Amino acid sequence: MPPWRPSPRFRRVAVLAVGTLAGLVAFIGVAWALDDRSHLGRVVRDVALAGRPVGGMSRAELAAFVDEVAGRYDRAVIEVQAPDGGFRAGADELGVAVDRARTVEEALRLGRRGSLPARVWGWARHLVTGDRRARTVLRLDEAAVARVTAERDPARVLPTEPSIAERDGRLVAVEGEPGSQIDPVSLGASLSRADLSREPVVVAAGRAPLPPRFSRQDAERLVGEAEALANGGFKLKAGPQEVAVPAAIFRHWVKAVAAGDALWLVAETARIGADLPKVFPRPVVPPTNAGFAVTGERVVVTPAKSGSGCCGPGAADLIAQAVADPTRRPVTLPLREIPARRDEAAVRRLAIVERVAT
C-alpha cells in the first residue's frame, strides 16, 4: 500500500488553520498587553472583592473600598456549629478582622502572577467566564478564639486534674482525666476561610479532648511533700503541750488543688476541725469544779475554775496555712476556755451548811 500523501487542498486548509490560530494567539496577546498596560497600578479587569467588582480601581480607591468592607465585617455575627452544640459570637469578640494591607495587595497582584502564557490564558478565560474573586485576607486573634470558645461552648466538659488519695495507709498520685471542648484550632482554621459577606456567617468546628493542665508527675511531687510531713512529724503547740500529728490523721487532712499555674498541697479546714480532738484529747489546764471546804464547824463553797484546751477559733485555718507555707511551722494554736461542769450555784442548791459528823 503506497504511503499517504496530503492532497494540495488539505495542505492549503492546514496552512490556513495554523495561520488563523497563530493570528488569534497574536491578537489575544496584543489585546492582553494593551489591557494590562491600561491597568498599570490598578486592579486588573474582571476582579471582584467581597461580592463587588473592583477591576480598574487604583490603590487608593481599592484601599478605601477595603476599609468599607472591613468596617462591615467587624459587625458580622458568626454562628459556630459543632457536635453537641455551638454558639454565636461577634467577629470582633473572636478577634476576626480584615487584614487591610494584605487584602489590597492580594487584589492588586491577582492576574499578575505566574508565567506569561498562564497570565494571558487566565485573562482570556475570564473574559468568557466572568469575574475572578480576590481573597479577603482575615487576621485572627487565636487567644480571643480560645477564650470565647471556653466561655460559650455549651457542652464543654472541664478536665479532672491529677489528685492525691489515701490507699492502704499511704498517699498515692491519681491520674487526671481529660474533658472535651470545641477545638479552637479547628475553629480558627474555619474562621480564617470564612466568607464574612454573608449574615450570619456559619462556620464548622470539631470537638477535641481538653487535657488536664497538670501531669501525674505533679501529683507525685505533692505525694512526696505530704508523706515527708506526715512521717517527719507535723508539730502543733497548744499552751505547754506540743504534739506531732499522727501520720494517719495528717494524710486525712490533705488534698491536691489546681490553682494558678501550679498544683498545690492544701489541707481541708473541715477535716482538721473534726480531727483536732483526737490530736489533743486532754485539756491543757483541766477545769476545777466547785466544791466544799470545812472551816471550823462551818461548810464553805469553794469556787469553780475554768480550764483551757485546744482549740480556739481559727485553729484549723492556722494549720491549713502551715501545710502550704513552711515558714508558719511549728503551729501555735489558740486555746479555748473549758468551763467547770459544776459551778457554785449548783453546790449551794445542795444546802449543805454545817458538818454533822466526821
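## The loop at G176

In this predicted model, G176 touches T160, E161, P162 and P212, leaving aside residues up to four places away in sequence. G176 sits in the loop between β9 (170–174) and β10 (179–182). Is this glycine buried or exposed? G176 is buried, with a relative accessible area of 11%. The cut-off for buried is under 20%.

P159 is another reference point for G176. The two residues are 17 apart along the chain. Their C-alpha atoms are separated by 7.3 Å.

## The chain overall

The protein chain has 358 residues, and 34% of them count as buried. Its secondary structure comes to eleven helices and 21 strands.

How are contacts spread along the sequence? Take the contacts between residues at least 6 apart in sequence. Of these, 68% join residues at least 24 apart.

## Helix α3 and its cover

Helix α3 spans residues 100–109. Which of its residues are buried? They are T103, V104, E106, A107 and L108.

Several elements cover these buried residues of α3. Among them are two strands, β5 (96–98) and β6 (132–134). The cover also includes β1 (47–49) and helix α2 (59–74).

## Helices α9 and α10

Two packed helices are described by the angle between their axes and the distance between the axes. Helix α9 covers residues 269–279, and helix α10 covers residues 315–324. Their axes come within 9 Å and cross at roughly 120 degrees. That angle makes α9 oblique to α10. The crossing of α9 past α10 is right-handed.

Which residues make the contact? From α9 come T269, I272, G273 and L276. From α10 come A315, A316, D317, I319 and A320. By class, the residues of this contact divide into six nonpolar, two polar and one charged. The charged one is D317, since Asp counts as charged. G273 falls among the polar residues, because Gly counts as polar.

## Strand β19

Strand β19 runs over residues 307–310. G307 and G309 point one way from the strand. S308 and C310 point the other way. All four are buried.

What is the partner of β19, and how many bridges join the two? The partner is strand β21 (residues 335–338), joined to β19 by four bridges. The two strands run antiparallel. Within this pairing, S308 stands opposite E337 in β21. S308 is thus placed both by its partner residue and by the side of β19 from which it points, shared with C310.

Key: Residues numbered from 1 in each chain as written. Predicted model: local features only at pLDDT ≥ 70, side-chain atom pairs only at ≥ 80, totals over all residues. Heavy atoms only, no water. Axes fitted to C-alpha atoms, helices over the stretch in contact; angles between N-to-C directions. Parallel < 35°, antiparallel > 145°, perpendicular 65-115°, else oblique. Left-handed = near helix turned anticlockwise from the far one by under 90°. Contact = heavy atoms within 4.5 Å. Buried < 20%, exposed > 50% of the residue type's maximum accessible area, 1.4 Å probe, protein only. Pairing = 2+ DSSP bridges.
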